[in-house]
Amino acid sequence: LMAIINDILDFSKLEAGRMRLDMGPFNLRNTLEETAALMRARATAKDLKLSVDYAADAPEHFRGDEARIRQVVGNLVGNAVKFTEAGSITVSAAVIASGAACRMRVEVIDTGIGISEPDAARIFEKFEQADMSRTRKYGGTGLGLTISKDLVTLMGGAIGVSSVPGSGSRFWFELTLE
């Protein structure tokens, strides 16, 4: 219930343009590993392997809104755990471009049920889910991906998904970080 209330509050702030970023120094590798550690019990309960793959050539120390990045990663990993019955989930991070700032790509790759192309085109919209039937197997508010998209956009980034039904999904976001 707390998670739903927090989602609604964040969604309301984002819709009203009242969400503010809290920029500060943070370690992206630690953020990803800590977020995965929080989700590991849920993954282990389903006998799923959850790992973090941080590129060796990627810097670790950045300036950005660590809490919001953690929230996006948590939403993506939470969905991966929810929609994966067997196999693994990997959180990866790699450098896309470097210079005065660094463009980082974070991916959450799962071996779950996958998403059809028409469904993938709409799952980032508010209150949308791939299965909107009354008898759907998986619950949720349909706000997690919308909030993630809005947060990533607020941070100046991009978010997306590539997936094949029955073959898992690859959710990703890219951010330019100092």
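# Working through a predicted fold

Thr35 sits in helix H2, which covers residues 28-45. Keep in mind as you go that this is a predicted model.

## Exercise 1: Place Thr35

Work out whether Thr35 is buried or exposed, and which residues beyond its sequence neighbours it is in contact with.

Step 1. Start with the accessibility. The relative accessible area of Thr35 is 3%, and the cut-off for buried is under 20%, so Thr35 is buried.

Step 2. Now look for partners, skipping anything within four places in sequence. That leaves Arg70, Val73 and Gly74 in contact with Thr35.

## Exercise 2: Get the overall layout

Find how many helices and strands the protein has, and the order in which they come.

Step 1. Count the elements: five helices and seven strands.

Step 2. Read them off from the N terminus, and you get α-β-α-β-β-α-β-β-α-α-β-β.

Step 3. Add the bulk figures. The protein has 178 residues, and 44% of them count as buried. Among contacts with a separation of 6 or more, 69% are between residues 24 or more positions apart.

## Exercise 3: Pair up E6 and E7

Determine how strands E6 and E7 run relative to each other, and how many bridges join them.

Step 1. Take E6 at residues 158-163 and E7 at residues 169-177; the two run antiparallel, with six bridges between them.

Step 2. Pick out one bridge to check the register: Ser162 has Arg170 of E7 as its partner.

Step 3. Inspect the turn. The hairpin has five residues between the strands, and Gly166 there takes a positive phi near 85°.

Step 4. Look for another glycine with a positive phi. Gly156, just after H5, has a phi of about 85°.

## Exercise 4: Classify the aromatic pairs

Find how many aromatic pairs there are, then give the geometry of each.

Step 1. Recall what you need for this. A pair of aromatic rings is described by the distance of the centres and the angle of the planes.

Step 2. The count is two aromatic pairs. In one of them, Phe26 and Phe62 have ring centres 6.4 Å apart and planes at 40°, so this pair is tilted. Phe26 belongs to strand E1 (residues 24-27) and Phe62 to strand E3, so the pair ties together parts that are 36 residues apart in sequence.

Step 3. Check the burial of these two. Phe26 has a relative accessible area of 5% and is buried; Phe62 is buried too, with a relative accessible area of 5%.

Step 4. Move on to Phe124 and Phe171. Their centres are 6.1 Å apart with 70° between the planes, an edge-to-face arrangement. Phe124 is in the loop between helix H4 (117-120) and helix H5 (144-154), while Phe171 is in strand E7, 47 residues apart. Both Phe124 and Phe171 are buried.

## Exercise 5: Characterise the cavity

Find which residues line the largest cavity, and which element gives the most to that lining.

Step 1. Search the whole structure: there is one cavity of 30 Å³ or more, and about 30 Å³ of space lies in the largest cavity.

Step 2. List the lining: Leu28, Ile69, Met104, Val106, Phe173, Leu175 and Leu177.

Step 3. Sort these by element. Strand E5 (102-110) and E7 each give two or more residues to the lining, and E7 gives the most, with three.

Step 4. Sort by chemistry. The lining has seven nonpolar residues, no polar and no charged ones.

## Exercise 6: Contrast H5, Ser92 and Pro59

Work out why H5 is described as largely enclosed, and then how Ser92 and Pro59 are classed by accessibility.

Step 1. Tally H5. Eight of its 11 residues are buried, so H5 is largely enclosed by the rest of the structure. The buried ones include Leu145, Ile147 and Leu151.

Step 2. Go to strand E4 (residues 88-97), where Ser92 lies. Ser92 has 12% relative accessibility and counts as buried. Its contacts outside the four-residue window are Asp53, Arg105, Val106, Glu107 and Ile109. Ser92 and Glu107 are 5.2 Å apart, C-alpha to C-alpha, and 15 residues apart in sequence.

Step 3. Finish in the loop between strand E2 (49-54) and strand E3 (61-64), which holds Pro59. At 33% relative accessibility, Pro59 counts as partly exposed. With residues up to four places away left out, Pro59 touches Tyr54, Val95 and Cys102.

Technical notes: Residues are numbered from 1 along each chain as its sequence is written. This is a predicted model: local features need pLDDT of at least 70, side-chain atom pairs count only at pLDDT 80 or more; totals for chains, interfaces and linings use all residues. Side-chain values use heavy atoms; hydrogens and water are left out. Two strands pair if DSSP finds at least two bridges between them. Helices (H or I, at least four residues) and strands (E, at least two) are DSSP runs, numbered from the N terminus. Buried means under 20% relative accessible area, exposed over 50%, partly exposed in between (1.4 Å probe, protein chains only). Contact means heavy atoms within 4.5 Å. On a 1 Å grid over the protein atoms alone, a cavity is a set of points where a 1.4 Å probe fits but cannot get out, and a pocket is an open set with protein on both sides within 12 Å along at least five of seven lines; lining residues have an atom within 4 Å of a point. Grid points are joined across faces, edges and corners, and a volume is the space filled by probe spheres set on the points. Ala, Val, Leu, Ile, Met, Phe, Trp, Tyr, Cys and Pro count as nonpolar, Asp, Glu, Lys and Arg as charged, and the others, Gly among them, as polar. Rings of Phe, Tyr and Trp (its six-membered ring) pair if their centres lie within 6.5 Å; planes under 30 degrees apart count as stacked, over 60 as edge-to-face and the rest as tilted.
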